[in-house]
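Take a look at the sequence and the structure below. The report that follows walks through the domains, a sheet and the ligand surroundings.

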Amino acid sequence: MSFSRVDGALCVEQLSLGALAAQYATPLYVYSRAALTANYLAFDQAFSFIDHQVCFAVKSNSNIGVLGVLARLGAGFDIVSGGELERVLAAGGEPAKIVFSGLGKTEQEIERALKLGIACFNVESAAELVRIDQVAQRLGLRAPVSLRVNPDVDAQTHPYISTGLKENKFGIPNDTVYEIYATAASLKGIEVVGIDCHIGSQLTTTTPFHDALDKIIEMINTLKTQGITLKHIDIGGGLGVTYRDETPPTPAEYAAALRPALQALGLKVYMEPGRAISANAGVLLTTVDMLKPTTYRNFALVDAAMNDLIRPSLYSAWMDIQPVAKPRHDDVKVWDLVGPVCESTDFIGKERELALEAGDVLAVMGAGAYGFVMASNYNTRARAAEVMVDGDQAYVVRQREIVNELWALESLVP
Ligand SMILES: Cc1ncc(COP(=O)(O)O)c(C=O)c1O
Ligand SMILES: N[C@@H](CCCC[NH3+])C(=O)O
């Protein structure tokens with residue numbers, strides 16, 4: 001366990017989170033190298049029964065310190081923009097292990113990725129296929145592609161993070177898959193290499209993964225009869241984590257559930273886990289700034305806000321909040337933990353039983369995924385610093401922003 005309590009003090013690896021808050025100030029994101037490593041290796045080992053590549057979903061945490069740790073373990077990366085591509089390169093990631101997902105790849109992004117020799121473009125529409133073909137032909141190259149298919153499977157997750165239903169914008173609907181594969185196979189600039197699917201995020205059972213895989217295998221078999229043979233299958237990401245009382249499958253259970261079908265298929269397997277690698281490898285530290293008990297509700301104003309961590313506001317996500325040190329008194333009350341941003345949805349947790357005092361430091365657990373990456377400068381708030389802990393060492397992997405620099409790109413009208 002990379003986050004554990006020692007004599008009442010919440011620690012990350014060998015350092016106390018209270019000490020890190022004192023040294024680097026709050027709000028502060030803190031990541032554990034050991035947790036990232038263990039989570040990545042859990043996937044890599046679980047799929048060791050087959051030729052595979054784990055491609056970490058960069059969108060879940062794109063700090064180059066995080067990406068660098070994973071790159072050195074042999075990770076590939078799932079990217080969704082030219083920006084993420086450059087981050088992966090800056091972190092030492094190998095282009096040949098990159099899969100490029102996402103709906104709106106621009107010509108520039110396609111050109112850069114093609115020249116670098118990435119593993120695969122996961123194509124989301126007929127129009128995108130044509131665009132990739134044109135860029136590849138202009139460069140005298142062939143683009144390796146998979147079609148990201150939309151299998152119309154209910155991921156049984158929050159509707160905002162479900163992606164595999166036919167009403168979602170993602171993927172190629174199953175009624176046009178064969179036609180678009182046939183087009184792909186006929187294009188000079190395209191080399192059809194695989195099939196891809198990602199049905200949603202924070203999935204807590206294996207059933208939807210299984211249902212999607214069954215549908216994809218059916219497609220692969222039909223494609224064979226059309227003379228289209230594939231080299232790989234990309235099973236996407238989406239494996240959930242425990243924020244409260246969810247009991248998601250472990251990577252080993254997930255792999256075991258898919259193993260018979262994948263082995264029968266015999267193709268190389270790509271996967272794109274994000275949250276299951278990064279979420280519980282990070283926390284957000286925040287300090288209680290002041291207490292505002294009222295007749296109606298008790299508000300604790302903390303220094304982290306929705307601009308630092310938007311998951312509670314955006315998805316009503318429940319995230320565990322723990323004091324980093326033993327409470328200084330035992331007057332437990334029910335608190336709403338709210339930030340200073342001028343929105344009623346600005347909270348990081350509601351109705352939490354805590355014995356609080358101004359100055360207490362709290363840790364929002366499971367904040368390593370979709371935390372800092374979704375942070376903004378709303379209310380002209382500088383974004384938090386990020387620190388990576390490795391054993392008894394802490395490294396600043398992103399400095400705290402400086403307020404004066406937030407309008408550096410702006411100018412007055414003459
Ligand atoms: C195409 C694609 N791959 C992978 C992921 C990573 O998902 P997760 O963080 O749930 O593993 C996402 C986000 O849901 C995605 O859109
Ligand atoms: N941002 C979402 C996950 C979205 C996944 C995007 N493909 C979350 O915080 O839960």
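## Domains, sheet and ligand shell

Domain 1 meets domain 2 through 8 of its residues, which are in contact with 5 residues of domain 2. The side of domain 1 that touches domain 2 divides into 5 nonpolar, 2 polar and 1 charged residues. Keep in mind that this model is predicted.

Where do the domains run along the chain? The domain assignment gives domain 1 two stretches, 3-30 and 279-407. Domain 2 covers 102-271. Between the C-alpha centres of domain 1 and domain 2 lie 36 Å.

Next comes the sheet. It is open and has 3 strands, in the order 1-2-3. The pairing is antiparallel. In general, strands of a sheet pair through backbone hydrogen bonds. Strand 1 (3-6) and strand 3 (15-16) are the edge strands, and each pairs on one side only. Strand 2 (residues 9-12) is joined to strand 3 by 2 bridges. Which residue of strand 3 is the bridge partner of Val-12? That partner is Leu-15.

Now turn to the ligand. Ligand 1 is surrounded by 16 residues. The closest are Ala-57, Ser-201, Gly-237, Gly-274 and Arg-275. How does this shell around ligand 1 divide into nonpolar, polar and charged residues? The table gives the answer, alongside the side of domain 1 that touches domain 2.

| Group of residues | Nonpolar | Polar | Charged |
|---|---|---|---|
| Shell around ligand 1 | 4 residues | 9 residues | 3 residues |
| Side of domain 1 that touches domain 2 | 5 residues | 2 residues | 1 residue |

How values were computed: Residues are numbered from 1 along each chain as its sequence is written. Chains are lettered from A and ligands numbered from 1 in the order in which they are written. This is a predicted model: local features need pLDDT of at least 70, side-chain atom pairs count only at pLDDT 80 or more; totals for chains, interfaces and linings use all residues. A residue is near a molecule or strand if its C-beta atom, placed from the backbone, lies within 6 Å of it. Ala, Val, Leu, Ile, Met, Phe, Trp, Tyr, Cys and Pro count as nonpolar, Asp, Glu, Lys and Arg as charged, and the others, Gly among them, as polar. Domain bounds come from an automatic or database domain assignment. Two residues are in contact if their C-beta atoms, placed from the backbone, lie within 7 Å. Two strands pair if DSSP finds at least two bridges between them. Helices (H or I, at least four residues) and strands (E, at least two) are DSSP runs, numbered from the N terminus.
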